[in-house]
Amino acid sequence: MADERERVRPSGVWATAVGVARVRALETEREDALFRDPLARAFATAGGLWPSSPPPDDEAARRRRQAVSLSIVIRTKFLDDLVRQASASGVRQVVLLGAGMDSRAFRMDWPEGTRLFEVDTAAPLDFKASVLLQERAVARCERIPVAVDLREDWPGALAAAGHDPAVPTAWIAEGLLIYLPEDAVELLLARIGAQSAAGSRMGLTLGSRGVIERFGADAEPGSAASLWVSEMPDDPVGWLAGHGWKADSHTLHERAAAYGRPIGTPPQHEERPGGLISAVRR
């Protein structure tokens with residue numbers, strides 16, 4: 001396992017996971033934090049993103065950064081609540097697809113017998129492992145890293161790691177689908193469905209309609225927004241019904257207000273339902 005001197009620096013899509021950790025670290029420092037992630041700062045530091053960079057001088061760029069940061073905070077809280085509800089319903093398998101620097105295995109309380117699978121490629125999982133070792137982090141459930149590319153046979157790798165499709169699973173795809181082309185999103189949903197017993201839960205975050213045009217058009221090369229390729233369908237609830245899921249959709253503004261963190265200005269563009277999805281396997 002690589003030590004700090006040998007640690008591979010984040011690159012490509014998975015580097016955005018370190019940026020997400022930076023946002024979570026900043027949220028953790030707030031007195032009114034919607035969640036606390038004690039490992040986020042260590043991930044951001046190891047990835048060269050802490051101390052946090054100053055806000056951009058350009059007003060439009062500053063607003064874009066704030067909007068992206070807020071969306072990360074709200075979606076984190078939303079999915080935290082979803083997995084808690086899944087656990088309360090008796091679900092004891094959790095799968096994080098594109099897990100990145102997610103630290104739910106370490107920062108949340110889990111019922112006895114919970115198995116949490118972190119699916120990602122080897123590079124981010126190795127990077128993460130070195131930070132976890134450095135921080136002497138101890139998981140609060142059985143944590144099982146599964147190193148596989150989501151473009152490959154990840155269901156086979158997940159099964160080999162011990163996932164049981166015959167019992168319900170809570171699936172989390174946070175900040176993932178926006179980086180996948182439409183055909184890859186459809187394949188991912190089909191594969192999830194094939195591994196989901198009745199009563200399984202799923203939490204998704206989807207890029208809102210028009211977000212690529214608004215954020216990606218002048219995004220810096222290599223930035224998260226420059227890598228976005230897909231947005232949510234016009235009818236996400238109907239789309240997921242076609243995949244065998246009963247879904248509820250929520251907007252960022254709606255959830256932010258519900259969490260006591262209302263967005264002060266109305267959305268510049270009409271918010272269609274579906275940016276934040278919770279679903280149950282029928």
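This is a short dialogue about reading the packing, charges and helices of one predicted model.

Student: Where do I start with a chain like this? How many helices and strands does it have?

Tutor: Start with the overall make-up. Keep in mind that this is a predicted model. The protein chain has 10 helices and 7 strands. Of its 282 residues, 48% count as buried. You can also look at which parts of the sequence meet: among contacts with a separation of 6 or more, 76% are between residues 24 or more positions apart.

Student: Can you show me one of those long-range meetings? What does Ala173 contact, leaving aside its neighbours within four places in sequence?

Tutor: Ala173 lies in strand S4, and is in contact with Leu97, Gly203, Leu204 and Thr205. Take Leu204: it sits 31 residues from Ala173 in sequence, yet the C-alpha atoms are 5.1 Å apart in space. Ala173 is also buried, with a relative accessible area of 1%.

Student: Now the core. Which residues of the largest nonpolar core touch the most other members?

Tutor: The idea is to look for buried nonpolar side chains that join up through close side-chain atoms. Here the largest such core has 39 residues, and Phe43, Met101, Trp110, Leu116 and Phe127 touch the most other members. Several elements each supply at least two residues, among them helices H1, H2 and H5 and strands S1 and S4. Helix H3 (59-88) gives the most, with 8 residues.

Student: What does Phe43 touch?

Tutor: Not counting residues up to four places away in sequence, Phe43 touches Val18, Ala21, Met101, Ser103, Phe127, Lys128, Val131 and Leu132. There's also a second, separate core, with 29 residues, including Val146, Leu180, Met232 and Trp239.

Student: What about aromatic rings? How many aromatic pairs does a search of the whole structure find?

Tutor: With rings, you check the distance between centres and the angle between planes. The search of the whole structure finds 1 aromatic pair. Trp154 and Trp171 are the partners, in an edge-to-face arrangement: 6.0 Å centre to centre, with 70° between the planes. Trp154 is in helix H6 and Trp171 in strand S4, 17 residues apart, and the pair links distant parts of the chain.

Student: Are those two tryptophans buried or exposed?

Tutor: Trp154 is buried, with a relative accessible area of 0%. Trp171 is buried too, again at 0%. And while we're on rings, have a look at Tyr259: the charged end of Lys77 sits over its ring, 5.5 Å from the centre.

Student: On to charges, then. How do I read salt bridges?

Tutor: Side chains of opposite charge can pair when their charged atoms come close. A search of the whole structure finds 18 salt bridges. Check each pair for distance and for how exposed the partners are. Arg30 and Asp32 meet at 2.8 Å, N to O. Arg30 is partly exposed at 35% relative accessibility, and Asp32 is partly exposed at 42%.

Student: Which salt bridge has both residues buried?

Tutor: Look at Arg104 and Asp102, whose side chains meet in a salt bridge at 2.4 Å, N to O. Both of these residues are buried.

Student: And why does the bridge between Arg115 and Glu142 tie together separate parts of the sequence?

Tutor: The closest N and O atoms of Arg115 and Glu142 are 3.1 Å apart. Arg115 lies in strand S2 and Glu142 in strand S3, so the bridge ties together parts that are 27 residues apart in sequence. Arg115 counts as partly exposed, at 23% relative accessibility, and so does Glu142, at 41%. Elsewhere, salt bridges that share partners join Arg24, Arg75, Asp80, Asp102, Arg104, Arg107 and Glu174 into one network.

Student: Last one: how do I check a helix? How many of the residues of H1 are buried?

Tutor: Compare the expected span with the modelled one, then look at burial. At 1.5 Å a residue, the 14 residues of H1 should span 20 Å, and the end C-alpha atoms are 20 Å apart, which agrees. As for burial, 11 of the 14 residues are buried, so H1 is largely enclosed by the rest of the structure. Charged residues are on that list as well: the buried ones include Arg22, Arg24 and Glu27, alongside Val18, Val20 and Ala21.

Key
Residues numbered from 1 in each chain as written. Predicted model: local features only at pLDDT ≥ 70, side-chain atom pairs only at ≥ 80, totals over all residues. Heavy atoms only, no water. Core = buried A, V, L, I, M, F, W, Y, C linked by side-chain atoms within 4.5 Å. Buried < 20%, exposed > 50% of the residue type's maximum accessible area, 1.4 Å probe, protein only. Helix = DSSP H or I, 4+ residues; strand = E, 2+ residues; numbered from the N terminus. Contact = heavy atoms within 4.5 Å. Phe/Tyr/Trp six-rings, centres within 6.5 Å; stacked < 30°, edge-to-face > 60°. Lys NZ or Arg CZ within 6 Å of the ring centre and 35° of its normal. Salt bridge = Lys/Arg side-chain N within 4 Å of Asp/Glu carboxyl O. Expected span 1.5 Å × (residues − 1).
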